[in-house]
Amino acid sequence: MLSLLSRSPIGSRAPLRPLLVNILSRSKTTSLSLAAKHRRSEKITMVTAYDYPSALHVDRAGIDLLLVGDSVGMVELGMETTQKVTMDQMIHHCVAVSRGATNPMLIGDMPLGSYEVNDERALENAYRFIKESNMDGVKLEGCRPNTVKKIVDGGVAVMGHVGLTPQAISVIGGFRAQGRTAVKARELLDQSLELQAAGCFALVLECVPGPVAKVITEALTIPTIGIGAGPHTSGQVLVYHDMLGMTSHPHHEAFMPKFCKQYANVGEMINKGLEQYKADVESEAFPGETYSPYKMSEAEEKLFMEMMDIDKEERENEKIKLDEKLKSKDEYEALNLYGGSKK
């Protein structure tokens with residue numbers, strides 16, 4: 001590893017030495033360290049990537065979470081939807097990613113059919129992500145609190161996902177924004193609270209209006225990760241290929257053999273893009289209003305806020321209780337019971 005990372009694509013050792021020091025000085029992101037970062041009101045960054053070279057760049061940029069999404073079917077395998085992606089395909093890509101990323105928390109996306117049949121099968125497939133592909137946790141789409149609880153009780157960290165859930169496009173009628181009426185927005189809030197109660201450590205909010213994502217984020221103790229959900233979530237996620245405009249460009253390896261002619265330093269451009277994205281999320285420059293396109297009508301937003309007032313006190317009291325519980329977990333981790341240096 002040291003010999004690889006000390007070489008740049010053009011053979012010069014010096015430019016990558018500060019980068020190497022930065023990589024080795026960082027600690028591994030865990031669900032607990034993520035919760036602590038969230039309580040410090042620090043923005044969280046997540047990138048969806050599918051292979052070893054991408055994972056290398058994501059790791060170097062200091063991104064908190066790396067999701068190996070079932071969107072690999074559409075982005076890298078040429079499928080029209082994510083519905084045909086299999087467990088074996090997911091394991092294949094997760095293994096590759098795990099070889100390239102050391103510090104981000106790695107999340108494997110459970111594909112359609114891997115967790116819906118029954119909770120026992122869901123737990124078995126979750127174990128495959130941990131045992132066979134070195135993931136740190138899994139992500140499930142939709143509101144399935146019993147399944148989440150089964151997996152969490154089995155020892156596997158679970159990230160929830162509400163709003164636009166691509167696996168369910170046959171039911172929801174395509175890739176459509178969700179939560180655009182007060183009733184639907186309230187449903188998303190209720191689902192989010194159920195998933196938190198079931199044990200999710202974080203929640204993806206996809207393609208929902210900013211005001212709805214804001215209310216959900218404020219109602220939860222766990223962090224929310226937005227994609228097309230406005231600026232008020234705890235963090236943001238984008239797909240590696242999308243954010244770097246790679247669809248029309250061939251993929252370049254991070255390190256080229258000597259017989260390859262290098263026409264552009266694509267690796268450096270990728271790193272700059274990822275680092276700027278991280279900086280924009282952490283400074284709240286992204287997404288802002290420009291990249292928060294999903295809106296509610298004023299009447300629906302007013303009605304939604306009125307609905308929120310009905311059980312506001314009950315939700316706030318529950319949030320306080322959960323926050324105290326998570327603080328206790330952080331204090332337990334700080335005791336450093338198992339030795340090693342404290343980061």
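Visitor: Is the crossing where H8 passes H10 left-handed or right-handed?
Guide: H8 passes H10 in a right-handed crossing. That label applies when the near helix is turned clockwise from the far one by less than a right angle, and anticlockwise would make it left-handed. Mind you, this is a predicted model, where local features need pLDDT of at least 70, side-chain atom pairs count only at pLDDT 80 or more, and totals for chains, interfaces and linings use all residues. Residues are numbered from 1 along each chain as its sequence is written, and side-chain values use heavy atoms, leaving out hydrogens and water.

Visitor: Why are H8 and H10 called roughly parallel?
Guide: Helix H8 covers residues 145-153 and helix H10 covers 182-198 (DSSP runs of H or I, at least four residues, while strands are E, at least two, numbered from the N terminus). They pack at an angle of about 20 degrees, with axes 8 Å apart. Axes are lines fitted to C-alpha atoms, for helices over the stretch in contact, and angles run from 0 to 180 degrees between N-to-C directions. Under 35 degrees counts as roughly parallel, over 145 as roughly antiparallel, 65 to 115 as roughly perpendicular and the rest as oblique, so H8 and H10 come out roughly parallel.

Visitor: Which residues make the contact of H8 and H10?
Guide: Pro145, Val148, Lys149 and Val152 of H8 meet Glu194, Leu195 and Ala198 of H10 (heavy atoms within 4.5 Å). They divide into 5 nonpolar, no polar and 2 charged (nonpolar: Ala, Val, Leu, Ile, Met, Phe, Trp, Tyr, Cys and Pro; charged: Asp, Glu, Lys and Arg; polar: the others, Gly among them).

Visitor: What makes H10 and H14 oblique?
Guide: H10 packs with helix H14, residues 298-310, at about 40 degrees, with the axes 8 Å apart. That angle fits none of the other classes, so the pair is oblique. H10 passes H14 in a right-handed crossing. Ala182, Ala185, Arg186 and Leu189 of H10 touch Glu300, Leu303, Phe304, Met307 and Met308 of H14, a set of 7 nonpolar, no polar and 2 charged residues.

Visitor: Which residues does a cis peptide bond join, and what is omega there?
Guide: Phe286 and Pro287, with omega at about 5 degrees. Pro287 sits in the loop between helix H13 (266-283) and H14.

Visitor: What is phi at Ser41?
Guide: Ser41 has a positive phi, about 60 degrees, although it is not a glycine. You'll find Ser41 in the loop between helix H3 (31-39) and strand S1 (44-48).
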